[in-house]
Amino acid sequence: MSADISKTQLDSSVISNEPSLEQLNQLKQRISQYDYAYYVKDNPIVSDAEYDQCYQALSKIERAHPEWITEDSPTQRVGGQPIDHFKSRPHAVPMFSLSNAFTQDDLVSFDRKVREKYALLPEDSAIEYAAEPKIDGLAINIRYEHGKLIYAATRGDGVVGEDVTHNIRTLRSVPLQLLGEGWPSVLEVRGEVFMSKATFNMLNEKAIASGDKPFANPRNAAAGTLRQLDPSIAAQRNLSLFLYGWGEISENNTLPKQYHQVIEQFSQWGLPTNSDASVVQGVQGMADYYDSLYEKRTTLPYEIDGIVYKVDDISRHKVLGFTAKSPRWAIARKFPAEEVWTTLHDIEIQVGRTGALTPVARLQPVLVGGVMVANATLHNLDEIRRKDIRIGDTVVVRRAGDVIPEVVTPVLTKRPDEVRLFEMPTQCPECGSEVMKEHDKAVYRCSGGLFCPAQRKRALQHFVSRKALDIQGLGNKLIDQLIEKGWVKHPDDLFKLSPESLETLERMAKKSALKVCDAIEASKQTTLPRFIYALGIPEVGEVTAKSLAQHFVTLDKIRQAEKEALIDVPDVGEIVADNIVTFFKQPHNQEVIAGLLAEGVSWPDPKTITVDEDSPFAGKVVVLTGTLQSGSRTEAKQKLEALGAKMTGSVSAKTDFVIAGDKAGSKRTKAEALGVTVLSEEEWIAMMGETNG
């Protein structure tokens with residue numbers, strides 16, 4: 001730490017009337033040191049007044065010389081412009097999850113496997129483990145280059161995350177410029193972003209006072225905050241961070257060889273670390289640390305759901321290696337879930353935005369893990385039957401971390417004589433449409449997708465989406481307002497909107513209202529595949545919608561088709577056929593479709609595509625990414641579909657080919673990580689030539 005961190009007065013040179021770049025850098029360094037002492041060490045070294053004096057001096061210089069302002073200035077933490085969307089950010093080193101231990105025996109087994117990998121280790125010697133609280137938050141990767149914060153990304157799927165730099169920069173415990181010296185030219189640190197219990201309580205108190213919905217728990221609050229597009233919101237919510245590891249580090253580093261020493265080095269560079277971390281000896285040390293932390297769990301200022309143990313000797317990490325999902329040199333010891341007894345008064349049905357019916361237990365309110373619980377999920381009818389839960393039972397309710405409370409089991413010794421079996425309804429409690437059970441699944445679903453109030457928001461969002469009717473300007477916020485006003489209940493109501501009514505909405509001027517209405521009018525001219533897709537029939541995606549249109553040619557023939565006729569269509573099996581038949585059988589859905597046609601929604605007959613079944617792309621799932629030199633992606637997509645390819649927009653384990661043009665990004669990265677075949681444009685064109693030949 002720099003020597004002048006102990007000063008409590010500003011040098012006169014720092015606040016002189018003729019500022020210099022050197023003075024500005026002195027102020028930046030000093031404020032960073034003050035922030036470190038206050039937000040990381042919880043040990044302020046100057047008064048608020050002195051801090052403000054220093055900050056105002058820096059602001060004054062930057063106002064006089066805006067060309068001197070850099071991203072690592074303390075004045076640039078808050079006030080950045082909101083972003084439009086989150087960018088994908090591939091991880092240079094994958095972010096693995098941890099294996100879980102639920103008992104002491106699991107830890108004994110873990111220690112035994114670790115010892116087996118150690119050569120010539122005496123039987124009576126104990127392995128040293130770094131032990132730290134398992135924070136109940138969100139994993140983050142923060143990249144520094146030459147000591148300067150470059151970007152921060154969420155864990156995502158472990159291979160590719162979302163760039164949340166704009167929000168991480170608002171955390172005053174995270175240095176924009178590392179303190180001290182000797183840091184590697186590239187340093188990626190990893191940690192857990194969380195919200196303290198005190199901050200969470202204040203946030204919810206404000207939400208309740210203003211009539212807003214409170215957050216369920218600190219982890220949800222932290223997650224919601226980190227995914228805000230506007231950094232000013234994150235700045236107001238006071239998130240925290242503890243580091244627990246690292247990702248990519250340049251080779252020119254002199255970091256220590258013990259895990260706990262590396263974390264201590266991070267702390268010396270101004271990064272926040274957990275003071276409750278420790279180093280323990282062997283299985284007994286892990287057990288003692290567990291007992292100690294479990295006892296003080298409720299008194300900690302943050303939520304934890306267990307403990308993480310890591311082999312302290314970093315050189316052994318390579319020897320121990322990784323499984324497909326987690327390192328063999330680390331394990332998470334989970335705390336047991338908290339359980340209580342209470343009475344199950346009733347079981348009601350909650351209809352989700354996708355139409356899924358979920359049984360919800362109405363309970364005698366009871367305190368579980370510091371939260372008053374009156375409702376708990378029962379998951380589905382199969383679970384209710386398996387657990388033999390009945391209305392009127394005394395039941396065991398469990399809540400673990402951020403998990404929604406659930407009913408674990410009935411207490412059979414306290415079962416009264418008069419209990420009732422629960423049965424799933426045959427009609428949706430929201431709209432009266434037929435309820436259908438999904439084949440080979442435990443899910444019951446409302447079939448009134450176009451009409452059901454519970455599905456209204458999702459149905460409208462899907463209907464106007466790019467691959468459906470593609471109505472520009474009808475975003476989620478505008479749809480929310482239209483639903484709140486009661487102006488739009490079903491998709492056909494969109495075509496009754498007028499510019500005069502729209503311009504009365506919040507943030508909607510006359511010109512914007514006209515644009516939206518023009519877009520709605522233009523969307524009337526569509527295609528049959530788009531229209532079918534827009535209806536939101538369960539399991540009917542873009543590819544299946546095209547197949548239906550090609551096979552039946554008209555909407556009436558699709559609506560009247562029996563299950564046997566539908567199964568003859570490529571991509572349509574028994575489950576999809578049942579979904580289509582049930583969907584078009586519902587009177588409410590028929591009314592909405594009739595309304596759409598009456599409003600002028602129409603399309604030309606689809607063109608018939610002859611599929612080359614000998615093509616190497618026939619029946620293969622293909623993803624296009626990057627810029628193609630031989631033509632547009634739309635043209636390439638049409639060529640591939642003509643060869644029988646199933647085109648999708650996202651990469652998964654089911655993908656057969658990814659065709660990567662110039663500047664291919666996260667999709668190529670994910671394909672390579674999953675072992676999916678990646679074709680260059682030249683390789684793809686060569687395969688097309690072979691097909692045509």
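Biologist: In strand 14, which residue is the bridge partner of V366?

Modeller: The partner of V366 is V373 in strand 14. The model is predicted, so local features need pLDDT of at least 70 and side-chain atom pairs pLDDT 80 or more, whereas totals for chains, interfaces and linings use all residues. Residues are numbered from 1 along each chain as its sequence is written, and side-chain values use heavy atoms, with hydrogens and water left out.

Biologist: How do you know that strand 13 pairs with strand 14?

Modeller: Two strands pair if DSSP finds at least two bridges between them. Six bridges join strand 13 to strand 14 (residues 371-377), and the two run antiparallel; the condition is therefore met. Strand 13 is also joined to strand 18 (residues 444-446) by two bridges, again antiparallel, with A356 bridged to R445 in strand 18.

Biologist: What makes strand 12 and strand 13 a hairpin?

Modeller: Seven bridges join strand 12 (residues 338-351) to strand 13 (residues 356-368) in the antiparallel sense, and four residues lie between the two strands. I349 has P359 in strand 13 as its bridge partner. In the turn, G355 has a positive phi of about 95°.

Biologist: How many helices and strands does the chain have?

Modeller: The chain has 24 helices and 22 strands. Both are DSSP runs numbered from the N terminus: helices are H or I with at least four residues, and strands are E with at least two.

Biologist: Why is D313 called partly exposed?

Modeller: Buried means under 20% relative accessible area and exposed over 50%, with partly exposed in between (1.4 Å probe, protein chains only). D313 has a relative accessible area of 22% and is therefore partly exposed. D313 is in the loop between strand 10 (304-311) and helix 10 (315-320). Leaving aside neighbours within four places in sequence, D313 is in contact (heavy atoms within 4.5 Å) with Y118, K257 and Q258.

Biologist: What places H379 and K663 in their exposure classes?

Modeller: H379, at 37% relative accessibility, counts as partly exposed. K663, at 83%, is exposed. H379 is in the loop between strand 14 and helix 11 (381-387), and K663 is in the loop between strand 21 and helix 23 (666-674).

Biologist: What is the phi of H379, and what is that of K663?

Modeller: Most residues other than glycine have a negative phi. H379, which is not a glycine, has a positive phi of about 70°, and K663, also a residue other than glycine, has a positive phi near 60°.

Biologist: Which residues of helix 17 are called buried, and what covers them?

Modeller: In helix 17 (residues 542-552) the buried residues are E542, T544, A545, S547, L548, A549 and F552. Their cover includes helix 16 (528-534), helix 18 (555-560), helix 19 (563-567), helix 20 (574-585) and helix 22. After helix 17 comes V553, with a positive phi near 70°.

Biologist: Why are strand 20 and strand 22 called edge strands?

Modeller: The open sheet has four strands in the order 20-19-21-22, with parallel pairing. Strand 20 (646-647) and strand 22 (677-680) each have a single partner strand, so one side of each has no neighbour in the sheet. Strand 21 (residues 657-660) pairs with strand 22 over four bridges, in the parallel sense, and V658 stands opposite V678 in strand 22.

Biologist: What is the direction of helix 22 relative to strand 19?

Modeller: Helix 22 (residues 633-642) lies across strand 19 (621-625), strand 20 and strand 21, and runs at about 165° to strand 19. Axes are lines fitted to C-alpha atoms, for helices over the stretch in contact, and angles between N-to-C directions run from 0 to 180 degrees; the value is therefore towards the upper end of that range.

Biologist: How many of the strands are in the sheet with mixed pairing?

Modeller: Five strands form that open sheet, in the order 2-11-10-3-9. Strand 2 (100-101) and strand 9 (278-281) are at the edges, each pairing on one side only. Strand 3 (residues 128-135) is joined to strand 9 by four bridges and runs antiparallel to it.
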